[in-house]
Amino acid sequence: MIAITLENGRLQAQPTGQSKATLFAEAADMFFLRVVNGQIRFTRAPSGDVTGLILYQGGSQQTGRKVK
């Protein structure tokens, strides 16, 4: 699980059991991390609501759905 939060105007990602890391925007719905070589793209429903994310890291992709 990756918890995504907004703190002081910045998106933070925190995988279970790891430290928080700031997400930096590179395009609409696409963010990168500086602490590791990884990117996160948020997925959306046709209504525009965020439905989940795709984590790109180490040549692989992992998808996750929004739970809250």
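Me: In the hairpin of strand 1 and strand 2, which residue takes a positive phi?
Reply: In this predicted model, the residue with a positive phi is Asn8, at a value near 50°, and it belongs to a hairpin that has 2 residues between strand 1 and strand 2. The two strands of that hairpin run antiparallel and are joined by 6 bridges, and one pair to look for is Ile2 with its bridge partner Pro15 in strand 2.

Me: How many residues lie between the strands in the hairpin of strand 2 and strand 3?
Reply: There are 5 residues between strand 2 and strand 3, and here Gly17 takes the positive phi, near 80°. Strand 3, residues 21-27, runs antiparallel to strand 2 and is joined to it by 2 bridges, with Gln12 standing opposite Thr22 of strand 3.

Me: In what order do the strands form the sheet?
Reply: The order is 1-2-3-4-5-6-7, so written for an open sheet of 7 strands whose pairing is antiparallel. Strand 1 (2-7) and strand 7 (60-65) are the edge strands, each of which pairs on one side only, and neighbouring strands are turned by 30° against each other on average, with direction ignored.

Me: Over how many bridges do strand 5 and strand 6 pair?
Reply: As background, side chains in a regular strand alternate between the two faces of the sheet. Strand 5, residues 38-44, and strand 6, residues 50-57, pair in the antiparallel sense over 7 bridges, and within this pairing Ile40 stands opposite Leu55 of strand 6.

Me: Where does the largest pocket take its lining from, in terms of elements?
Reply: The general idea is that a probe the size of a water molecule, rolled over the atoms, shows where empty space is left. The largest pocket holds about 620 Å³ of space; of its 21 lining residues, Ile2, Ile4, Leu53, Arg65 and Lys66 are the closest to its centre. The elements giving two or more residues to this lining are strand 1, strand 5, strand 6 and strand 7, and by class the lining has 11 nonpolar, 5 polar and 5 charged residues.

Me: Which residues line the second largest pocket?
Reply: This pocket, with about 200 Å³ of space, has a lining that includes Ile2 and Pro15, the bridge partners met earlier, as well as Ile40 and Leu55, which stand opposite each other; Ala13, Gln18, Ser19, Ala21, Leu33, Val35, Val36 and Gln57 are also among the lining residues. Strand 2 (10-15) and strand 6 are the elements that give two or more residues to the lining, which divides into 9 nonpolar, 3 polar and no charged residues.

How values were computed: Residues are numbered from 1 along each chain as its sequence is written. This is a predicted model: local features need pLDDT of at least 70, side-chain atom pairs count only at pLDDT 80 or more; totals for chains, interfaces and linings use all residues. Side-chain values use heavy atoms; hydrogens and water are left out. Two strands pair if DSSP finds at least two bridges between them. Helices (H or I, at least four residues) and strands (E, at least two) are DSSP runs, numbered from the N terminus. Axes are lines fitted to C-alpha atoms, for helices over the stretch in contact, and angles run from 0 to 180 degrees between N-to-C directions. On a 1 Å grid over the protein atoms alone, a cavity is a set of points where a 1.4 Å probe fits but cannot get out, and a pocket is an open set with protein on both sides within 12 Å along at least five of seven lines; lining residues have an atom within 4 Å of a point. Grid points are joined across faces, edges and corners, and a volume is the space filled by probe spheres set on the points. Ala, Val, Leu, Ile, Met, Phe, Trp, Tyr, Cys and Pro count as nonpolar, Asp, Glu, Lys and Arg as charged, and the others, Gly among them, as polar.
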